[in-house]
Amino acid sequence: MQNKNFFFTVICPTYNSENYIKKNFYSLLSQKNQDFEVIYIDDGSTDDTVKIIKKLIKNYSNFKIFEKKHEGPGSARNLGITKSNGSWISFIDSDDIWYPFKLQKVNKAILENSSTNFVVHWENFIKLNGEIKILKHGVYFKNKFLFLKKLYLSNFLSTSAVVLKKSLFLKHGFFDESLPNAQDYDLWLKLAPYINLFTLEEILGEYNETKNSITLRPYYKRIFSELRIALRYKSYYKLYFIKVFKILFSKRWFR
């Protein structure tokens with residue numbers, strides 16, 4: 001039986017996500033635009049994540065799950081891309097949720113802006129202490145050089161808030177699985193010269209801080225990854241040593 005083609009493929013890596021995967025699933029199921037498939041990639045969970053997902057999706061043919069050994073979210077997302085049947089790829093972390101009109105509004109933006117190949121929207125950031133902060137992802141830069149420079153200096157994109165054409169991956173590459181952290185930021189910089197960005201200035205999802213969040217992982221790994229990325233794309237900004245200085249002496253590492 002030939003796989004159905006969808007407008008969107010939603011890729012969700014999971015790893016020991018039993019405490020929040022149900023909320024994630026129901027947020028996807030509630031989407032007003034139904035022209036999508038969901039691919040869960042379990043990255044070697046040792047809890048009941050896979051069991052829960054299989055029970056949730058058993059009556060929905062557009063929801064699938066694949067299991068693999070534990071190699072990190074980049075590897076899981078790459079596998080999801082290779083399994084996808086959608087012409088546009090979107091990502092969601094297993095501890096995040098989307099609001100019901102997310103895909104509908106993204107679809108409208110794509111149809112009304114034919115030159116775009118990359119859409120990002122705003123999110124609510126829910127901190128561990130319950131505090132809510134609005135993350136206003138995305139900026140408008142008609143000048144490509146300025147876009148590259150600004151993205152190099154600061155990541156203004158978010159994995160659970162971006163939707164991009166699958167052809168970008170096929171032409172320019174996937175997530176770098178050798179990086180222990182910041183694989184998404186590395187990918188945005190790799191794709192940046194080819195991105196035609198459209199920013200939806202609406203809050204269409206929630207980014208939830210949890211104990212499994214990448215921001216809570218060992219800082220030395222993130223420093224190592226960010227330094228590699230800074231050097232890899234130093235051609236985007238002549239004063240790249242400023243970026244290196246900011247990485248090494250960021251207040252994040254001393255909290």
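**Figure 1. An aromatic cluster in the predicted model.** Ring pairs link F91, F118, F169, F174, F175 and W188 into a cluster in this predicted structure. Across the whole structure, a search finds 17 aromatic pairs. One of them joins F245 and F249. Their ring centres are 4.8 Å apart and their planes meet at 40 degrees, so this pair is tilted. F245 is exposed, with a relative accessible area of 52%. F249 is exposed too, at 54%.

**Figure 2. The largest nonpolar core.** This core holds 36 residues. F91, F118, L151 and L157 have the most contacts inside it. Several elements each supply at least two of its residues. Among them are strand 4 (86-91), strand 6 (118-126) and strand 8 (162-165). Helices also contribute, including helix 5 (144-153), helix 6 (166-172), helix 8 (219-232) and helix 9 (240-248). The largest share, five residues, comes from helix 7. Apart from this core lies another, of 29 residues. F36, Y40, I92 and L103 are among the residues of that other core.

**Figure 3. The surroundings of F118.** F118 is one of the residues with the most contacts inside the largest nonpolar core. Leaving out residues up to four places away in sequence, F118 touches W88, L157, V162, V163, L164 and L168, among others. Its further partners include W188, I195, N196, L197 and F198. F118 and W188 also both belong to the cluster linked by ring pairs.

**Figure 4. Helix 7, enclosed by its surroundings.** Eight of the nine residues of helix 7 are buried, so the helix is largely enclosed by the rest of the structure. The buried residues are Q183, D184, Y185, D186, L187, W188, L189 and L191. Helix 7 spans residues 183-191.

**Figure 5. N62, a buried loop residue.** N62 sits in the loop between helix 2 (49-57) and strand 3 (63-68). Its relative accessible area is 14%, so N62 is buried. Neighbours within four places in sequence aside, N62 is in contact with F6, F36, E37 and V38. N62 and E37 are 25 residues apart in sequence, yet their C-alpha atoms are 4.7 Å apart in space. The N62 side chain also reaches the backbone oxygen of F36, at 3.1 Å.

**Figure 6. N107 in helix 4.** N107 belongs to helix 4, which covers residues 102-112. With a relative accessible area of 17%, N107 is buried. Beyond residues up to four places away in sequence, N107 touches F7, F8 and N33.

**Figure 7. Two lysines over aromatic rings.** K4 lies over the face of F6, at 4.4 Å from the ring centre. F6 is also one of the residues in contact with N62. K102 lies over the face of W98, at 3.8 Å from the ring centre.

**Figure 8. The whole chain, for orientation.** The protein chain has nine helices and nine strands. Along its principal axes the C-alpha trace spans about 55 × 40 × 35 Å. A compact globule of 255 residues would have a radius of gyration near 18 Å; the chain has 18 Å, which agrees. Buried residues make up 53% of the 255 residues. Among contacts with a separation of 6 or more, 80% join residues 24 or more positions apart.

Key:
Residues numbered from 1 in each chain as written. Predicted model: local features only at pLDDT ≥ 70, side-chain atom pairs only at ≥ 80, totals over all residues. Heavy atoms only, no water. Core = buried A, V, L, I, M, F, W, Y, C linked by side-chain atoms within 4.5 Å. Buried < 20%, exposed > 50% of the residue type's maximum accessible area, 1.4 Å probe, protein only. Helix = DSSP H or I, 4+ residues; strand = E, 2+ residues; numbered from the N terminus. Contact = heavy atoms within 4.5 Å. Polar contact = N/O pair within 3.5 Å; in protein donor to acceptor, adjacent residues only side chain to side chain. Phe/Tyr/Trp six-rings, centres within 6.5 Å; stacked < 30°, edge-to-face > 60°. Lys NZ or Arg CZ within 6 Å of the ring centre and 35° of its normal. Rg over C-alpha atoms; globule rule 2.2 N^0.38 Å.
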